[in-house]
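Please study the sequence and the structure shown below before attempting the exercises. Each task is followed by a solution in steps.

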Amino acid sequence: MNTAVIVFPGSNCDRDLAVAFEQATGKKPHMVWHRETEMPDGIDLIGVPGGFSYGDYLRSGAMAAQSPVMRAVSDAAAKGTYVLGICNGFQVLTETGLLPGALMRNAGISFVCRDVKLTVANSQSAFTSRYKADEEILIPVAHHDGNYFADAETLDRIEGEGRVAFRYAEEVNGSARNIAGVLNEGGNVLGMMPHPERMSEAAHGGLDGKRLFDALASA
Amino acid sequence: MKARVTITLKNGVLDPQGKAIHHALEGLGFGGVNDVRAGKMIELDLADGTSDAEIEEMCKKLLANTVIENYRIERA
């Protein structure tokens, strides 16, 4: 599997994500700068990393969503390439329109940075096939704008279609229906606020995040 | 030619910043505040002849996230 990691000015989890991709696939990812207008050939998985792209100006992810590379990411997603957006990457994917909803300021105002328990709501996707349904896993979060919002109709729809991948098993940020990760209609795009790449080595204190990358590598 | 775009959260969307401001006002002893909603204002300096439709497009494509926000355009 060939992978790419998008790099925006202000990305700061791009190298961690590259390490996780390389561990899972055995190959170094292509690091793709935001000004690129095309993806390298033969990419199977694109990572949109965490950080503070463009300083979170206007809204988190809003400027990055307009950068040239995101058109290439959207085109690839439409053709079935896997796209994984983590934290700021999730915000970018909602601003791009690849995923429904929006990520607002945490309900408690504070930046939240700690390990949180998640429940696996869909264990059938390419991203989550190494988890059991309803399994509780531990993955860290680190965000200010992780409060997932969508109107009731959209929430009902994505829940009905099995597109909620993860839920918080504890109160974290005020997210609607405790949603922590959402899939697109095709099941090839996942956005999530928690950071699986920060729970991918024994030294991280757990390996629950690694299983997501291993699942993708064998998808 | 200038236009002013005011962006506010839609009704029913929780506004944590507005809430925090409200609490701070109460903490300062201002008791008569029923609610606070925070938003942002963006001032555009535009070429003469920029149409309303173009400003609308700017709002929809970038300035506001219409999933959660409303916008109001005023020409100055």
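The exercises below concern a predicted model and treat its chain contact and its cysteines.

**Exercise 1.** Determine how many residues each chain gives to the contact, and how much area is buried.

*Solution.* Step 1: chain A contributes 15 residues and chain B contributes 16 residues. Step 2: about 1,200 Å² is buried between chain A and chain B, and carbon and sulfur atoms give 69% of this area. Step 3: on chain A, the three residues L58(A), R59(A) and M104(A) supply 42% of the area that this chain buries against chain B, more than any other three residues.

**Exercise 2.** Identify the salt bridge between chain A and chain B, and describe the side of chain A that touches chain B.

*Solution.* Step 1: the count of salt bridges between the two chains is 1. Step 2: the partners are the side chains of R59(A) and E69(B), at 3.7 Å from N to O. Step 3: helix 2 (62–65), strand 5 (102–104) and strand 8 (147–149) of chain A each provide at least two residues of the side that touches chain B. Step 4: the residues of this side comprise 8 nonpolar, 4 polar and 3 charged.

**Exercise 3.** Decide whether C13(A) and C113(A) are each buried or exposed, and state the distance from each to the nearest cysteine sulfur.

*Solution.* Step 1: C13(A) has a relative accessible area of 2%, under the limit of 20%, and is therefore buried. Step 2: the nearest cysteine sulfur to C13(A) is that of C87(A), 6.5 Å away, and C13(A) is in no disulfide. Step 3: C113(A) has a relative accessibility of 56%, over the limit of 50%, and therefore counts as exposed. Step 4: for C113(A), the nearest cysteine sulfur is that of C87(A), 9.7 Å away, and C113(A) is in no disulfide.

Note on methods. Residues are numbered from 1 along each chain as its sequence is written. Chains are lettered from A and ligands numbered from 1 in the order in which they are written. This is a predicted model: local features need pLDDT of at least 70, side-chain atom pairs count only at pLDDT 80 or more; totals for chains, interfaces and linings use all residues. Side-chain values use heavy atoms; hydrogens and water are left out. Contact means heavy atoms within 4.5 Å. Buried area is the accessible area (1.4 Å probe) that two parts lose on being put together, summed over both. A salt bridge is a side-chain nitrogen of Lys or Arg within 4 Å of a carboxyl oxygen of Asp or Glu. Helices (H or I, at least four residues) and strands (E, at least two) are DSSP runs, numbered from the N terminus. Ala, Val, Leu, Ile, Met, Phe, Trp, Tyr, Cys and Pro count as nonpolar, Asp, Glu, Lys and Arg as charged, and the others, Gly among them, as polar. A disulfide is a pair of cysteine sulfur atoms within 2.5 Å. Buried means under 20% relative accessible area, exposed over 50%, partly exposed in between (1.4 Å probe, protein chains only).
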